[in-house]
Amino acid sequence: MSKMQYVYVHAMGNEGLRELEIAKGIRTREETLSPAQIELQPKYCPICKESNKHNAKFCFKCNFIISKEGWLEDKEKEAEESKKKMQELEAKQEILQANAANVLGTLMAAEMGAKPPRLEIITWNSDKGSEGLFKAAEITRAKNQARERDHQQRHHNPNNRRLVI
Ligand SMILES: [Zn+2]
């Protein structure tokens, strides 16, 4: 066998073996490709059939998720969004409760004929996104803590004990 013939047979042999392995399911065709060849393989979008770069996370035409990385990125974004939604709900509830307590306090004072405390309603500007809401919740929390401290001092002051009884 000449050297040229040997190279030819050898090359055919490798290719034959590769095709056999693919046929038997030992290797996928993808696994037989070199990194450079993989980079040239387009990734087809299952929705719009557009061909995308092999490493695309999302279809550039319809934005469908076409990779595991894209899926993870999407999940992460979703988790962040729902966490923020939860924080917004908690902040709204905190403000709502404080406002309700203020209104109730004023009504009770009026009913007992006492001078009602200054009615304070906490609001926020929703045009500016959640920042205003979080700021309002922070103020509400500070006011609640101050009221709680004040309450503790009045009721747990030994000098006031007789008045409580
Ligand atoms: Zn697409």
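A crossing of two helices is called left-handed if the near helix is turned anticlockwise from the far one by less than a right angle. In this structure, which is a predicted model, that term applies to the place where helix H3 passes helix H4, since the crossing there is left-handed.

Before turning to that crossing, the overall plan deserves a look. The protein contains 5 helices and 2 strands, and from the N terminus on its elements follow the order α-α-β-β-α-α-α. Of the 165 residues, 5% count as buried. Among the contacts with a sequence separation of 6 or more, those between residues 24 or more positions apart make up 20%.

Helix H3 covers residues 68-111. Its end C-alpha atoms are 64 Å apart, and because 44 residues at 1.5 Å a residue should span 64 Å, the length agrees with what is expected of the helix. Helix H4, made of residues 130-156, has 27 residues and reaches 38 Å from its first C-alpha to its last, which is close to the expected 39 Å. Just beyond H3 comes Gly113, a residue with a positive phi near 75 degrees.

How do these two helices meet? Two packed helices are described by the angle between their axes and the distance between the axes. The axes of H3 and H4 come within 9 Å and cross at roughly 45 degrees. An angle under 35 degrees would count as roughly parallel, and one of 65 to 115 degrees as roughly perpendicular; H3 and H4 are therefore oblique to each other. On the H3 side, the residues that take part are Lys84, Glu88, Ala91, Lys92, Glu94, Ile95 and Ala98, and in H4 they meet Ser130, Leu133, Phe134, Ala136, Ala137, Thr140, Arg141, Lys143 and Asn144. Sorted by character, the residues of this contact divide into 7 nonpolar, 3 polar and 6 charged.

The spacing of such positions can be read against the geometry of the helix itself. An α-helix has 3.6 residues a turn, so residues three or four places apart point the same way. The buried residues of H3 are Ala91, Ile95 and Ala98, and these buried residues pack against H4. Even so, H3 is hardly covered, with a count of 3 buried residues among its 44, and H4 is likewise hardly covered, with 2 buried residues among its 27.

The loops that precede H3 offer several local details. Starting from the N-terminal side, Glu30 sits in the loop between helix H1 (3-24) and helix H2 (35-40), and it counts as exposed because it has 10 C-beta neighbours inside 10 Å. Although Glu30 and Gln41 are 11 residues apart in sequence, their C-alpha atoms are 9.2 Å apart in space.

Gln41 appears again in the surroundings of His54, a residue in the loop between strand S2 (51-52) and helix H3. If neighbours within four places in sequence are left aside, His54 is in contact with Ile38, Glu39, Gln41, Pro42 and Lys43. For Pro42, which is 12 residues away from His54 in sequence, the C-alpha to C-alpha distance is 5.0 Å. Is His54 buried or exposed, or does it fall in between? With 13 C-beta neighbours inside 10 Å, His54 counts as partly exposed, because the exposed class ends at 12 or fewer such neighbours and the buried class begins at 20 or more.

Two other loop residues stand out for their backbone angles. Most residues other than glycine have a negative phi. Lys49, however, has a positive phi of about 70 degrees although it is not a glycine, and its place is the loop between strand S1 (43-44) and S2. Asn63, in the loop between S2 and H3, also has a positive phi, near 70 degrees, and is a residue other than glycine. Lys49 is exposed, because 10 other C-beta atoms lie within 10 Å, and Asn63, with 12 such atoms within 10 Å, is therefore exposed as well.

Conventions
Residues numbered from 1 in each chain as written. Predicted model: local features only at pLDDT ≥ 70, side-chain atom pairs only at ≥ 80, totals over all residues. Helix = DSSP H or I, 4+ residues; strand = E, 2+ residues; numbered from the N terminus. Contact = placed C-beta atoms within 7 Å. Axes fitted to C-alpha atoms, helices over the stretch in contact; angles between N-to-C directions. Parallel < 35°, antiparallel > 145°, perpendicular 65-115°, else oblique. Nonpolar A, V, L, I, M, F, W, Y, C, P; charged D, E, K, R; others polar. Expected span 1.5 Å × (residues − 1).
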